[in-house]
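I opened this entry to look up how the strands are arranged and what lies across them. The notes follow in the order in which I looked.

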Amino acid sequence: MATATYTVKGMTCGHCVSSVKEEVGEVSGVTSVEVDLASGLLTVESDGPVDAAEIVAAVEEAGYEVANQS
């Protein structure tokens, strides 16, 4: 089990959160996606390591930008 957190810029409403959760949830290996609208924090849990570039691409596909990863 692996957990990674990212800060997403540009989300302003519940629909934004849903879009990010849907796109990131489709990344292979991802088991759980949590998004905090107020802080922009995206927490991704997976069966194993997931390439950060895949998560960033999924966020961008939803129309938002990853500010940083921790």
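**Sheet, helices and one threonine**

I began with one pair: glutamate 34 stands opposite threonine 43 in S3. The model is a predicted one, and I read every entry below with that in mind.

Next I looked up the strands behind that pair. S2, residues 30-36, is joined to S3 by six bridges, and the two run antiparallel. Between these strands the hairpin has four residues. I noted glycine 40 in this hairpin for its positive phi, near 80 degrees.

I then went to the other partner of S3. Strand S1, residues 2-9, pairs with S3 over six bridges, again in the antiparallel sense. As a reference point I took alanine 2, which stands opposite serine 46 in S3.

S1 also pairs with S4, antiparallel, over four bridges. Here I recorded threonine 7, opposite asparagine 68 in S4.

With the pairs listed, I wrote down the whole sheet. It is open, has four strands in the order S2-S3-S1-S4, and its pairing is antiparallel. S2 and S4 (65-69) are the edge strands, each pairing on one side only. Ignoring direction, I have neighbouring strands turned by 30 degrees against each other on average.

Which helices lie across the sheet strands? I found H1, residues 14-25, across S2 and S3, running at about 160 degrees to S2. I found H2, residues 52-61, across S1, S2, S3 and S4, running at about 150 degrees to S4.

I went back to S3, residues 41-46, to sort its side chains by face. In a regular strand, side chains alternate between the two faces of the sheet. For S3 I listed Leu42, Val44 and Ser46 on the covered face. The uncovered face holds Leu41, Thr43 and Glu45. Two residues from the pairs above therefore fall on opposite sides of this list: Ser46 is on the covered face and Thr43 on the uncovered one.

The last residue I looked up was threonine 5, which lies in strand S1. Is threonine 5 buried or exposed? Its relative accessible area is 19%, and the cut-off for buried is under 20%, so I entered threonine 5 as buried.

I also listed what threonine 5 touches, leaving aside neighbours within four places in sequence. The contacts are Leu41, Leu42 and Thr43, together with Asn68, Gln69 and Ser70.

Key. Residues are numbered from 1 along each chain as its sequence is written. This is a predicted model: local features need pLDDT of at least 70, side-chain atom pairs count only at pLDDT 80 or more; totals for chains, interfaces and linings use all residues. Side-chain values use heavy atoms; hydrogens and water are left out. Buried means under 20% relative accessible area, exposed over 50%, partly exposed in between (1.4 Å probe, protein chains only). Two strands pair if DSSP finds at least two bridges between them. Axes are lines fitted to C-alpha atoms, for helices over the stretch in contact, and angles run from 0 to 180 degrees between N-to-C directions. Contact means heavy atoms within 4.5 Å.
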